[in-house]
Amino acid sequence: MKQIAILGSTGSIGQSTLSIVEKYPDRFAVASLAAGKNVDAAFEQCKRWRPAVVSLASEELADALDLRLRQTGITGVDVVYGTAGTVRAAKLPEVDFVVSAIVGVAGLEATYAAVEAGKPVGLANKEVMVAAGEILVSAARAKGVPLLPIDSEHNAIHQCMRAGKKREVRRIWLTASGGPFRNLPLSEFENITVEQALKHPTWVMGRRITIDSATMLNKGLEIIEACRLFDIPPSAVKVTVHPQSTVHSLVEYIDGSILAQISVTDMRLPILYAMSYPERVESDLTFDMAALGQLDFAPPDFERFPCLRLAYEAAEQGGAHTIALNAADEVVVEAFLERAIPFAAIPRTIEEVLEAIPESHPATIREVLALDQQAREMARCAVKSIASPAGKLR
Ligand SMILES: NC(=O)c1ccc[n+]([C@@H]2O[C@H](COP(=O)([O-])OP(=O)(O)OC[C@H]3O[C@@H](n4cnc5c(N)ncnc54)[C@H](OP(=O)(O)O)[C@@H]3O)[C@@H](O)[C@H]2O)c1
């Protein structure tokens, strides 16, 4: 029985992970949970799963949850909070496997703590790889713990790479749906609304990743994640736009063979793969090959999606530039969701921050977090300078 820690349990990936645990009660059990602000969902999860530890973002929220649990007669759940709480949930001695699915760098310290504690990690949170992948990967190697990608593209690559040796890989192909604005004329990008950007054509996900998919910065973050997870240079990571999201990614070998992974567009499959690795477990997540229609592939449009270029440039530079790419994006996406800046200002603002951030290569998580704060401050200033004087856009 694998005891699972789920960091980000109330989110889209967290809930899918719990549905896998529900489906395989003989294989998996919940040891600990960590969430942000959603006390109601955390309460329901505690009621159902009785974790030994649950963490929320702040002391106030943890107190509210603790009170509700006690009023309901639920005991034995240790309610903790903040970064220390998330770290505690990740490092709990009985935990065998950690699902890292907090959004953004808020998940960094706990993911690092899990690796340092020798726990295998299923990694959904790509932002931690972008901000601190160099440090995380080397810690994982030193500890001999696997970092198993849950991001569907990297999960596909992980699967395809089991067919050959790393030195036999020529390049990898990340597939991208192209998001909702794949065919929108560039001239209309300035008028894109929050509602339009939140409508992803093939996946239902959290708000930040959905906006990142609309700007294609999500694919940019995945380029960096791939370089770090699979130890390959940015020039060997290609993007192909595949609107059906049926082929989740491909690996091209030196003999010219290209292997692809095909499955349903359902995150429960990569989660199950990571949680069961190196085994494969029978599931009902079947793909109907008979219904397989057309598969389209096209090169990405760098003019329409400048975030892709910014990500390749940051991937080449590494260190402060990938940290700033992620930090600036977190700030500007939030500003866009609050209708303080237009959609087209997202890449412009990120580029401004990337141009201003001095080059450096942090060696510790503390240094990463300091640089992250610096980049956030720069992004906030840039947002302030472009935010509409009337306050809100639409
Ligand atoms: N969704 C997908 O299909 C998908 C696919 C590939 C990769 N990913 C990656 O997986 C990660 C999670 O994505 P998601 O779509 O599941 O996001 P989401 O639905 O927005 O969920 C985010 C989770 O993080 C928690 N959280 C936020 N701030 C926190 C904090 N300061 N401390 C502790 N917990 C905090 C949230 O808690 P509350 O809700 O309680 O505030 C929630 O549980 C992201 O890195 C994303 O890029 C997602």
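Helices (H or I, at least four residues) and strands (E, at least two) are DSSP runs, numbered from the N terminus. With these names in hand, the tour can begin. The structure is a predicted model, in which local features need pLDDT of at least 70, side-chain atom pairs count only at pLDDT 80 or more, and totals for chains, interfaces and linings use all residues. Residues are numbered from 1 along each chain as its sequence is written.

**Stop 1: M267**

Select M267, which lies in the loop between β11 (258-262) and α11 (268-276). Is M267 buried or exposed? A residue is buried if 20 or more other C-beta atoms lie within 10 Å of its own, exposed if 12 or fewer, and partly exposed in between, with C-beta atoms placed from the backbone. M267 is buried because 25 other C-beta atoms lie within 10 Å.

Next, display I13, S16 and S152. Leaving aside neighbours within four places in sequence, these are the residues in contact with M267; two residues are in contact if their C-beta atoms, placed from the backbone, lie within 7 Å. Then add W203: the C-alpha atoms of W203 and M267 are separated by 9.0 Å, although their positions lie 64 residues apart along the chain.

**Stop 2: the two domains**

Colour domain 1 (2-149) and domain 2 (154-265 + 294-386), the two domains given by the assignment of the chain. Such bounds come from an automatic or database domain assignment. The centres of domain 1 and domain 2, taken over C-alpha atoms, are separated by 25 Å. To the contact, domain 1 gives 21 residues and domain 2 gives 22 residues.

Which elements of domain 1 should be selected on the side that touches domain 2? Here α5 (108-116), α6 and β7 (147-149) each supply at least two residues. The most comes from α6, with 10 residues. By type, the residues on this side of domain 1 divide into 13 nonpolar, 4 polar and 4 charged. In this division Ala, Val, Leu, Ile, Met, Phe, Trp, Tyr, Cys and Pro count as nonpolar, Asp, Glu, Lys and Arg as charged, and the others, Gly among them, as polar.

**Stop 3: the ligand**

Centre the view on the ligand, which has 29 residues around it. A residue is near a molecule if its C-beta atom, placed from the backbone, lies within 6 Å of it. G11, G36, N38, M205 and G206 come nearest to the ligand. Domain 1 and domain 2 each contribute at least three residues to the shell.

Now highlight α1 (12-23), α6 (126-143) and α9 (207-215), each of which supplies at least two residues of the shell around the ligand. The largest share, 3 residues, is that of α1. The shell is made up of 13 nonpolar, 11 polar and 5 charged residues.

**Stop 4: helix α3**

Select residues 59-71, the 13 residues of helix α3. The expected span of a helix is 1.5 Å times one less than its number of residues. For α3 this gives 18 Å, which agrees with the 18 Å between its end C-alpha atoms.

Which residues of α3 are buried? They are L61, A62, L65 and L69. These buried residues cover an arc of only 100° around the axis, and therefore lie on the same side of α3; the arc is that of the directions from the helix axis to the C-beta atoms. An α-helix has 3.6 residues a turn, so residues three or four places apart point the same way. Among the elements covering the buried residues of α3 are α2 (39-49), β3 (53-56) and β4 (78-81). Rotate the view to the other side of α3, where E60, L67, R70 and Q71 are exposed. After α3 comes G73, with a positive phi near 80°.

**Stop 5: backbone details**

Move to R50, in the loop between α2 and β3. R50 is not a glycine, yet its phi is positive, about 45°. With 15 other C-beta atoms within 10 Å, R50 is partly exposed.

Compare D231, in the loop between α10 (217-230) and β9 (237-241). Phi of D231 is also positive, near 55°, in a residue other than glycine. D231 counts as exposed because it has 11 C-beta neighbours inside 10 Å.

Finally, find P278 in the loop between α11 and α12 (306-317). The peptide bond from Y277 to P278 is cis, with omega near 5°.
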